[in-house]
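Reader: I've got a fold open in the viewer and I'd like to learn how to read it properly. Could we go through it together?

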Amino acid sequence: MSSTESKSKAIETLRMCVRFRNMEDKEFLTDIDLDAFLPLMAEHSDKSLSAAVANVFGVTNVLAVGALVNIYPLPFSRKYGTDQPLLRKLSTLYGYVAVVSGKIPGAQVFFIDRSAIRLSEAVEVFSKLKVLS
């Protein structure tokens, strides 16, 4: 299988298995946003979903909430150039990204507001998933 075919397959797998939400549990990415974001993630699809998200945003610090949830702080938007408008948009709107994956089917990526209070609320919500691990 060529690299183009494998990347296309990775994009389709991500599209079918991963849900992108904000903490109000609403889908907020448009189809255009997804068409821009999924290929970035597919470039790192040989890694875990959590590692792929971290690589897309260029972050390494992680806060683990049990075995299923990793939360990464997003850099400020000025880190991303004008050639990365979606990453700039997401890091302007949100301060953290949480990846929920593991033994549960499918995966979810949650974007969390840039606020210590919102982060604390998110950690409290995600800590309830410890019973699933």
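**Reading the sheet and the cores**

Author: Sure; keep in mind that this is a predicted model. Let's begin with one strand pair: β1 and β5 (residues 107-112) run parallel to each other and are joined by five bridges. For a landmark, look at R19, whose bridge partner in β5 is Q108.

Reader: What is the order of the five strands in the sheet?

Author: To read an order, walk across the sheet from neighbour to neighbour. Here the walk goes β1-β5-β4-β3-β2, in an open sheet with mixed pairing. The edges are β1 (18-22) and β2 (63-65); each has a single partner strand, so one side of each has no neighbour in the sheet. From one strand to the next, the twist averages 20°.

Reader: Which strands does helix α5 touch?

Author: For a helix on a sheet, check its contacts, then its direction. Helix α5 (residues 116-127) packs on the sheet and touches β2, β3 (69-73), β4 (96-100) and β5. Its direction makes about 160° with that of β5.

Reader: Zooming out, what pattern does the protein follow along the sequence?

Author: Just list the elements as the chain passes through them. You get α-β-α-α-β-β-α-β-β-α, with five helices and five strands. The radius of gyration is 14 Å, close to the 14 Å the globule rule gives for 133 residues, so the protein is as compact as a globular protein of that length. Along the principal axes, its C-alpha trace spans about 45 × 35 × 25 Å.

Reader: What share of the residues count as buried?

Author: Burial is read against a cut-off: under 20% relative accessible area. By that criterion, 39% of the 133 residues are buried. As for the surface, the protein exposes about 7600 Å², and carbon and sulfur atoms supply 54% of that.

Reader: Which residues touch the most other members of the largest nonpolar core?

Author: Look for the residues with many partners inside the core. This core has 30 residues, and F20, F37, L49, F57, L90 and F111 touch the most other members. Two or more residues each come from α1 (3-17), β1, α2 (31-42), α3 (49-57), α4 (85-93), β4 and β5. Take F37: leaving aside residues up to four places away in sequence, F37 touches F20, V56, F57, L86, L87 and L90.

Reader: How many residues are in the second core?

Author: Twelve, in a separate core that includes I71, Y96, A98 and I112.

Note on methods. Residues numbered from 1 in each chain as written. Predicted model: local features only at pLDDT ≥ 70, side-chain atom pairs only at ≥ 80, totals over all residues. Heavy atoms only, no water. Pairing = 2+ DSSP bridges. Helix = DSSP H or I, 4+ residues; strand = E, 2+ residues; numbered from the N terminus. Axes fitted to C-alpha atoms, helices over the stretch in contact; angles between N-to-C directions. Contact = heavy atoms within 4.5 Å. Rg over C-alpha atoms; globule rule 2.2 N^0.38 Å. Buried < 20%, exposed > 50% of the residue type's maximum accessible area, 1.4 Å probe, protein only. Areas by Shrake-Rupley, 256 points an atom, 1.4 Å probe, with all protein chains shown as cover. Core = buried A, V, L, I, M, F, W, Y, C linked by side-chain atoms within 4.5 Å.
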